[in-house]
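Trainee: Before I rely on the labels attached to a model like this one, I would like to see how each of them is earned. Could we go through them one at a time?

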Amino acid sequence: MSKPTLPCAAGPATHYELFAGLRDSGVAYLVTGATALVLHGVPRLTPGIDLAVDPHPANLERLERLLAAWGYGEARAAEPPATCAALRRFRKPSAALGEIDIVPVSAEAFPRLQARAAVATLVDVGIPVVGAADLRALKAGSSSGTDREDADGLGVLASIRAGEAGSDTDTRREQIRKFSRWSVAARLDWLLAAARLAKGLSPEAKPMTRGLVRRNPWTQRRR
């Protein structure tokens, strides 16, 4: 499949277009947050996308140029807690994909996360994702109840993949087991449909990836 040609004013209408655009622009990033949960196989509805980005100035400049070309503007950041840096939030009201949050990562931490990252394959695009163990540690260390639930979900996923038996009455475990068997494209289609519905749009987007999905969505972990 050829690389997509995206109209600058329109921006990405699907996750495929978003990640293909990041690839084609040479942006070094990792998907984190709720979208990373979905890519790993834990269902989590969220309209926004969190990206941990290599903080090198040239890389940030590439990302900013791409978002500007797509019509995303930087929103006014909320006052961050004294113990952490503020994320940068980019919005485009008409975009079905929702807000794109740039999560602050230090120059020392990014290579470590990158070395342990997983890669989800969507057609011809490799999507780098914060590794499940790193994501679980980040979520478990949060004061948010939702984050701790996410960490528990990743723990359930790890036990399923390790072949551990669970209770037949554990609804959450069964939900994760079924969802983790979906293709990467099916998970992202589900996520996009929810985001479109939240904006009052038809849940059906242009099926750019249907019929082109590889059966094995994961490549080897990065070295």
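The conversation below takes several labels in turn and sets each against its cut-off.

Mentor: Keep in mind from the start that this is a predicted model, and then ask about whichever label troubles you.

Trainee: What makes the pair Glu74 and Arg88 a salt bridge?

Mentor: The closest N and O atoms of Glu74 and Arg88 are 2.9 Å apart, and since the rule asks for a side-chain nitrogen of Lys or Arg within 4 Å of a carboxyl oxygen of Asp or Glu, the pair qualifies. Glu74 lies in strand S3 and Arg88 in strand S4, so the salt bridge ties together parts that are 14 residues apart in sequence.

Trainee: Why is Glu74 called partly exposed?

Mentor: The relative accessible area of Glu74 is 45%, and because buried means under 20% and exposed means over 50%, that value falls in between. Arg88, at 26%, is also partly exposed.

Trainee: How do you know that the side chains of Arg89 and Asp101 meet in a salt bridge?

Mentor: Their N to O distance is 2.7 Å, which is within the 4 Å that the rule allows. As for burial, Asp101 has a relative accessible area of 7% and is therefore buried, whereas Arg89, at 29%, is partly exposed.

Trainee: And what makes Arg91 and Glu99 a salt bridge?

Mentor: The closest N and O atoms of Arg91 and Glu99 are 2.5 Å apart, again within 4 Å, so the label holds. Arg91 counts as partly exposed at 40% relative accessibility, and Glu99 counts as partly exposed at 25%. By this rule the count comes to 14 salt bridges.

Trainee: Turning to helix H8, how do you know that its span is close to the one expected?

Mentor: Helix H8, which covers residues 184-198, has 15 residues and reaches 21 Å from its first C-alpha to its last, close to the 21 Å expected at 1.5 Å a residue. Among its buried residues are Leu188, Leu191 and Leu192, and the buried residues of H8 pack against partners that include helix H1, strand S7 and helix H7. Just after H8, Gly200 takes a positive phi of about 75 degrees.

Trainee: What makes a set of residues a nonpolar core, and which residues have the most contacts inside the largest one?

Mentor: The members must be buried residues of the nonpolar kinds listed in the rule, joined through side-chain atoms within 4.5 Å. The largest such core has 52 residues, and those with the most contacts inside it are Phe19, Leu22, Tyr29, Leu51 and Ile127. Leaving aside its neighbours within four places in sequence, Leu22 is in contact with residues including Val27, Leu63 and Trp70.

Conventions
Residues are numbered from 1 along each chain as its sequence is written. This is a predicted model: local features need pLDDT of at least 70, side-chain atom pairs count only at pLDDT 80 or more; totals for chains, interfaces and linings use all residues. Side-chain values use heavy atoms; hydrogens and water are left out. Helices (H or I, at least four residues) and strands (E, at least two) are DSSP runs, numbered from the N terminus. The expected span of a helix is 1.5 Å times one less than its number of residues. Buried means under 20% relative accessible area, exposed over 50%, partly exposed in between (1.4 Å probe, protein chains only). Contact means heavy atoms within 4.5 Å.
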